[in-house]
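Visitor: Please pick one part of this model and take me through it closely. I would like to know how that part is placed relative to the rest of the chain.

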Amino acid sequence: MYLKVLSSRLSLLDRLLAPLILLCMIVGVLIGVFVNGVQEAFNTVEFHGVSVPIAIGLIVMMWPTLTNVRYECLGRTLLSRKLWIHLSISLVLNWIIGPLVMLGLAWATMPDLPTYRTGVIMVGIARCIAMVMIWNGLAGGDTEYCAIIVVVNSVLQMALYSPYAVLFVDIGGAKQGQEVHLQYGTVAVSVLIYLGIPLLAGVVTRLTVLHISPNFFHHTFLPCFSTVSLLGLLYTILVLFAYQGHHIVHNIGNVARVAVPLILYSVLMWIGTAALLWTFSRRGTLQKCSRGDRMNETERIFNYEMAVVQAFTAASNNFELAIAVTIATYGVGSDQALAATIGTLVEVPVLLSLTWVAQAAKVRLPWDCVEICSDDRVEKA
């Protein structure tokens, strides 16, 4: 019954997304295995160690999503208490808890695979900036707040990724005979390509088309343009798996080992964050109910839309940056680069599945003020 309700809320492309992603993964791996020179072909066109075919897919994927953000309303949002509370929560989840959880899982599951472990750790310290916008949109999260958190994570990534890599890989004891020496410029260029270009394109596109015709923008342009984002996602997955298909097939045992901490990380971080935010939502609403006050939308600091934002940003990682940095540092055929690519293999289906879990939680759990208060009265009775 719940699956039927959830399916009715999704477009045809959204409903077909899971099998299409699986198909792109399979086709990508087959291309990587049976077509000679795929990696070399991709690497012939690159900018600062970033493969241009991959960059194109990520930019196309992000552009429509960032066009959907209401930049004209951000001034009011930036002044809200709600934003700063959620930014504080996000910073703790993304820059303290998340990397430590991934570090612990990597060591617990791969103590005998130092090179693959390093790749997993490099994924763990690369915080989300791209695909999280897709998952947040599919789950019905708050687009504006998600965009702000993504931008903040991107700025912090430029400053923190290099020292985090030194701390978690070198000082943390990867013991593989090769230390990580990253330049801030490498990280900054990657972030600017994957976020800066589509962000600028999104702002210009939104403000230009809105100025021409607000009605056309909201009712015609945006619904059509949004499908480009999912097509960009499918193209990116196809390219990434073609890029590493040969390594995946010929290292299938280690690939399975690498997948374990990555799956555990996404699931644990998502469930833990969603449960925490739901608890905050319930407590705040019950306090209002106990005083007989009505809670309007602006007062609802913790609600379903924000729980989705926090859960997906905490559970996601910037695999684009991790892949670019591991390739630049260790080489395109390295175990570290393969482990970073497996991050995509794991993150896409896991987080896509969690969008369905999120929608089910929205239906089954009390998020609205009236639902929570009535639920509490039933419990007391």
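Guide: A helix here is a DSSP run of H or I of at least four residues, and helices are numbered from the N terminus. With that numbering, the part to look at is the loop between H12 and H13, together with the two helices on either side; Arg300 sits in that loop. The model is a predicted one.

Start with the loop. Arg300 has a relative accessibility of 12%, so this residue counts as buried, the limit being under 20%. In sequence Arg300 is 218 residues away from Lys82, yet the C-alpha atoms of Arg300 and Lys82 are 8.4 Å apart in space.

Next comes the helix before the loop. Helix H12 covers residues 252-290, and Arg257 belongs to it. The structure holds 1 salt bridge. Arg257 is one partner and Asp112 is the other, with the closest N and O atoms 2.6 Å apart. Asp112 is in the loop between helix H6 (81-109) and helix H7 (114-124), 145 residues from Arg257, and the pair thus links distant parts of the chain. Arg257 has 29% relative accessibility and therefore counts as partly exposed. Arg300 and Arg257 thus fall into separate classes: Arg300 is buried, while Arg257 is partly exposed.

Thr273 also lies in helix H12. Its relative accessibility is 3%, so Thr273 counts as buried. A polar atom of the Thr273 side chain lies 2.7 Å from the backbone oxygen of Met269. Setting aside residues up to four places away in sequence, Thr273 touches Leu93, Gln310, Ala311 and Ala314. UniProt, in an unreviewed entry, lists residues 263-281 among its transmembrane regions.

Now the helix after the loop. Helix H13 spans residues 304-315 and includes Thr313. Thr313 has 0% relative accessibility and so counts as buried. The Thr313 side chain has two backbone oxygens to consider. The backbone oxygen of Val309 lies 2.8 Å from a polar atom of that side chain. The side chain of Thr313 also reaches the backbone oxygen of Gln310, at 3.1 Å. Gln310 appears in the Thr273 list as well, as one of the residues that Thr273 touches.

What does Thr313 contact beyond its neighbours within four places in sequence? The residues are Asn94, Arg127, Cys128, Val132 and Ile149. Thr313 and Ser90 are 223 residues apart in sequence, but 7.8 Å apart in space from C-alpha to C-alpha. Two of the residues named around H12 and H13 are Leu93, in contact with Thr273, and Asn94, in contact with Thr313. UniProt places a transmembrane region at residues 83-107. That span is 100% helix and 0% strand, and its end C-alpha atoms lie 35 Å apart. Another contact of Thr313 is Ile149, and the record gives a transmembrane region at residues 145-164 too. There the end C-alpha atoms lie 25 Å apart, and the span is again 100% helix and 0% strand.

Val132, a contact of Thr313, leads on to helix H8. This helix covers residues 132-139 and has 7 of its 8 residues buried, so H8 is largely enclosed by the rest of the structure. The buried ones are Val132, Met133, Ile134, Trp135, Asn136, Leu138 and Ala139. Gly140 follows H8 and has a positive phi, near 85°. Ala139 and Val357 are 8.7 Å apart, C-alpha to C-alpha, with their positions 218 residues apart in sequence. Val357 lies in helix H15 (residues 335-364). At 41% relative accessibility, Val357 counts as partly exposed.

For the wider setting, the protein has 16 helices and 2 strands. Of its 381 residues, 53% are buried; Thr273, Arg300 and Thr313 belong to that group. Among contacts with a separation of 6 or more, 85% are between residues 24 or more positions apart. The protein exposes about 16500 Å², of which carbon and sulfur atoms supply 68%.

Note on methods. Residues numbered from 1 in each chain as written. Predicted model: local features only at pLDDT ≥ 70, side-chain atom pairs only at ≥ 80, totals over all residues. Heavy atoms only, no water. UniProt positions renumbered as here; feature names shortened; annotations may be inferred. Salt bridge = Lys/Arg side-chain N within 4 Å of Asp/Glu carboxyl O. Buried < 20%, exposed > 50% of the residue type's maximum accessible area, 1.4 Å probe, protein only. Contact = heavy atoms within 4.5 Å. Polar contact = N/O pair within 3.5 Å; in protein donor to acceptor, adjacent residues only side chain to side chain. Areas by Shrake-Rupley, 256 points an atom, 1.4 Å probe, with all protein chains shown as cover.
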